[in-house]
Amino acid sequence: MNRSKRWWWQVIIVIGLLTVMGILINNLAVNLIRTGLGLSFDWLWRPAGFALSEHPLPYQSSDSTAWALLMGWLNSLRVIFAGIVLATLLGVSTGAARRSLNPLLRQIAALYVGFIRQIPLLLQLLFWYFVAFLGLPSEPFAPLGAVIHLSNQGISLLGVTLSVEFAAVLLGLSVFTGASIAEVVRGGLDSVPRGQWEAFRSLGMTEGLGLRRIVLPQALPAILPALSSQYLNLAKNSTLAIAVGYADLYAVSDTTITQTGRAIEGFLLLLLSFLLLNLLINGGMQLLNRAVLRSQHHH
Amino acid sequence: MANQFKARQQHYRRWQQKPIEAAFSVLILSLILWAVWSTGSWLIAGADWRVVTHNLPLYAFGSYPADQRWRPLVWMAALLLLTITTLSGDHLPQPLKRLQPFLPWAWILMVPAGVVLLAGSANLQAVPSRAWGGLTLTLLLTTASGFLALPMGIGLAIGRTSNLGLVAMLCRIYIDLMRAVPLIAVLFFGQLLLPLFLPVEIEINRVLRAVMAFALFAAAYVAEDVRGGLQSIPRTQAEAAAALGLNASLTMRLVILPQAMRIAVPALTNQAIGLLQNTSLMAILGLIELLGISRSLLANPEYIGRHLEVYVWLAGVYWLLCSGMALLAKRIERQGRLSTSS
């Protein structure tokens, strides 16, 4: 295509897009005037009027809606970061197990990955909540001595008390994402030449040591980009927490929208929050990526 | 024989050298046996399967009128038949083999056929979309949004890699934005906010709104997979096509895209399976698809506390559907390879 033709195409596309957007926004304006709603964010500073089952900072229903949304934010962050840690541990050990010398371990890991990835996450979350955690006895019992106390009222781990909802979301997200991370790790391990494995084995290194010191560091550049997209998936999937009644960002936004009727404004805030969360995770992963690359150049 | 014996001997020696690993393996094995045993005895003796067996029509059709249930049944049977025909490929009997070139068209026609069958037309009694449900709705949501998302995604991918700077930027913004937000937010938009952007007199039903939201969301992911395919085609292909005198759009249609799609098939399969699993999110937003109908059954006092039975049953159904889709994709992949080599 020559330059002027290209220029004209772009002008036509812009005009077409602007027209469509104009029509949509005009419709929105007509609808908002018709329903008498208009567009405003005053409601953020009015009392929320609903209780939250869980809030990391002091909160009561007479506090402002903005404060309630912040609690939702913090609840989301809590479960996302705990989930990232747990899913990474699970995923890396499963991915490594799929390349271990022990055939039993390999089989179990393959079974776990194959099974979990074929079942919808929402169904798994419902299972963890309604069957695994609400199915616990109401009297606390301690299967591992003082380390952990379990009951259907909550889980107490080393003195830290977690709600059943939090535990269900955390475990559901971690087990689901762990299976995907395991695939990422396996792919990364496979990208390391076989000679490296043979080399450390012939040096008499144990499997664990060789994996940690020889293979994983070389696999890391291949693993990290895919890993960060799994972390983003985990963050986005954490919104399914609403199905088990965990007061995360989406659940609180949903309640706010039902209470105030401010669907457009509430939705915009939700979108902004998620763009921010994406930037946060992407930024963190980029720092990690750069650190890894730098440390490898030093060697 | 001797080799085998030697290998086994070595194997035993390895176990003797690693007593901890051997003990660990025995422990794991006994745990697995215990898990299999207790699961098996629960499945046979402990579980009360009435919540499943008494409600099979609900799981299949939702609250579709009982005397009209043959319509979703016909559609699902056709879907199954088409799947089997596609899967059996070369093993088809001779007369059926001649129909093979029409298979893609049959697949494309499945969605409109399903909508007409379910909604009703001139001779069929009209059934409102709120009565659609169960497996029928799950399959309809998946196929309809999948077939919509595919061309949209291809368009976005071509747009993003095009040399029109503005178009590339717009496509990129759309793709990145969609991939940054959670699906449930997009579905929420489709159910509650989409009507606000439409003129008052236009009303779209909830199923169609869900399909649109799913398609808009999935298109962004399809676009990235197709882009991966597009970028893996060497430049020389485009140059060769240009040397043959093909213009840009013919080059894309005849040379680049077919090769790119073949490379993208495995990734697209994962998207399709993900889409099927994600239709379960509509249970949160009030559609009675497979998971939604199960949630309303569990709310029935008659089936109180039967969560595990229902979830195990649903997991089985979803597992079967996803495995079927994976098989289909393998078949398509192989056909793609065959047509390249011939």
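1. Let's start with a term you'll need for the hairpin: strands are runs of at least two residues that DSSP labels E, and they're numbered from the N terminus. Keep in mind as you read that this is a predicted model.

2. Now the hairpin itself. β1(A) and β2(A) are linked by a hairpin that passes through 2 residues. Strand β1 of chain A covers residues 148-151 and strand β2 of chain A covers residues 154-157; the two run antiparallel, with 4 bridges joining them. Want one pair to look for? Take A:Ser151, whose bridge partner in β2(A) is A:Gly154.

3. Next, step back to the whole chain. The domain assignment splits chain A into domain 1 (1-38) and domain 2 (39-298). Where they touch, domain 1 of chain A supplies 4 residues and domain 2 of chain A supplies 6 residues. As for spacing, 39 Å separates the C-alpha centres of domain 1 of chain A and domain 2 of chain A.

4. How much area do domain 1 of chain A and domain 2 of chain A bury between them? It comes to about 340 Å², with 61% of it on carbon and sulfur atoms. On the side of domain 1 of chain A, the residues that lose the most area to domain 2 of chain A are A:Leu28, A:Leu37 and A:Gly38, which together make up 85% of what that side buries.

5. What about charges and polar groups here? The rule finds 0 salt bridges across the interface of domain 1 of chain A and domain 2 of chain A. The count of residue pairs in polar contact between these domains, both at pLDDT 80 or more, is also 0. Sorted by class, the touching side of domain 1 of chain A has 3 nonpolar residues, 1 polar residue and no charged ones.

Notes:
Residues are numbered from 1 along each chain as its sequence is written. Chains are lettered from A and ligands numbered from 1 in the order in which they are written. This is a predicted model: local features need pLDDT of at least 70, side-chain atom pairs count only at pLDDT 80 or more; totals for chains, interfaces and linings use all residues. Side-chain values use heavy atoms; hydrogens and water are left out. Domain bounds come from an automatic or database domain assignment. Contact means heavy atoms within 4.5 Å. Buried area is the accessible area (1.4 Å probe) that two parts lose on being put together, summed over both. A salt bridge is a side-chain nitrogen of Lys or Arg within 4 Å of a carboxyl oxygen of Asp or Glu. A polar contact is a pair of N or O atoms within 3.5 Å; within protein, one must be able to donate a hydrogen and the other to accept it, and residues adjacent in sequence count only if both atoms are side-chain atoms. Ala, Val, Leu, Ile, Met, Phe, Trp, Tyr, Cys and Pro count as nonpolar, Asp, Glu, Lys and Arg as charged, and the others, Gly among them, as polar. Two strands pair if DSSP finds at least two bridges between them.
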